[in-house]
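Visitor: Could you show me how to read a protein model? I'd like to take it feature by feature.

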Amino acid sequence: MQKPVRDLQMNFEPPSDFVGESQSGGRRWLKWVGIGCAGISLIIALIMVFGGFKMVSCCSDMVETGKLTIVAEGFAQEFARSIQNKEFESAYAMTSVEQFQSSKTLEQFTVQFTQHEDLLARSMPVVSGFESLPSASLKEPQWKVTMRMLPPDGGEMLVMILKIGTVVSDDKNVDSKLELLDVQIDRRTRDIAAEAPAVAAIEFHDLLRLGDYEGAYKRFGEDFLPGETEVPDKMSEESFKTFIKENEAVFTLPVMQVVRIGYEDGNQARVDLLVGRPEQKPVVVQYQMSRLSAQSYVGWKVVGITPAPEAYEVVEDIEAEDADIEAQE
């Protein structure tokens, strides 16, 4: 006979979500930590997305500002050419109506330059400094451009300082416009031997004089043309040394004087060096110079050499001109 089952109990545990704090408090704590981490991750993701958008926007503004910087240098050159050509109305139209024309009339503006006509007529405008000024917006940058008006010789030059601003149109299809906020011009003493192309030419000549042909070879451009000689686009080092040795009598002479610097534009110049010794008649070596890059206003390289002993007459003409000027003064 089967005996009855007694005191049989079956216990069912509730789901974990319904377990009290006393039984599974650790699990609930981990659950809330997970929710918190997810929230923090979402916030960080939103910040990164927004920050990335701002970064792209900022980089875009910087690229646009870089483009405007190149345009601003061209704007300064255009203004200088208008002044040289006595197109004062055109130059005045480039100035700001609110910040410049409101305080200076066209007549006053014109007088500012006509008193320097003697130097302006025979000078080449050369940008020697470019500085970004503090601005409220990257979209409306401002610059300070220092421009020297350089004649080929003489002990004077004009220094023109331009403050250039940007006008942004409300119409997105219209490009930003540049305008002149201020202009100052001043006559100053000039030392042509201290100008960047002359310094580079003297350093190059000294390398030749000391026999460092390898060092000199590394410092001239690919478009090097020695005088009238036809050479390949890139002269070999051996050909370069041969050319120098053929004119060794000239290149071993020390520099006595920088005779003149003829600027063809802001990027090209010809430097005439008077070389020789006190006991003999000096000669002239002409160095064709080129600016290293659009971003550099200091570095220049040699791209052409012409040893020109017959050019001494040019020096005598310059001395005669200087004597005439002194006599007139």
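**Strands and confidence**

Guide: Let's start with one pair: tyrosine 287 has isoleucine 305 in strand E9 as its bridge partner. This is a predicted model, where local features need pLDDT of at least 70 and side-chain atom pairs count only at pLDDT 80 or more, while totals for chains, interfaces and linings use all residues. Residues are numbered from 1 along each chain as its sequence is written, and side-chain values use heavy atoms, with hydrogens and water left out.

Visitor: Which strands does E8 join, and by how many bridges?

Guide: Two strands pair if DSSP finds at least two bridges between them. Strands (E, at least two residues) and helices (H or I, at least four) are DSSP runs, numbered from the N terminus. Here, eight bridges link E7 (residues 268–275) with E8, antiparallel. Valine 275 sits opposite valine 283 of E8. Another eight bridges link E8 with E9 (residues 300–308), also antiparallel.

Visitor: Is strand E8 largely enclosed or open?

Guide: Buried means under 20% relative accessible area, exposed over 50%, partly exposed in between (1.4 Å probe, protein chains only). In E8 (residues 283–291), eight of the nine residues are buried, so the rest of the structure largely encloses this strand. Across the protein's 329 residues, 37% count as buried.

Visitor: Which helix has the lowest mean pLDDT?

Guide: pLDDT is the predictor's confidence in each residue, from 0 to 100. Among the elements, helix H10 (residues 312–328) is lowest, with a mean of 48, and helix H2 (residues 88–93) is highest at 96. For the protein, the mean is 77, and 64% of residues reach 70 or more.
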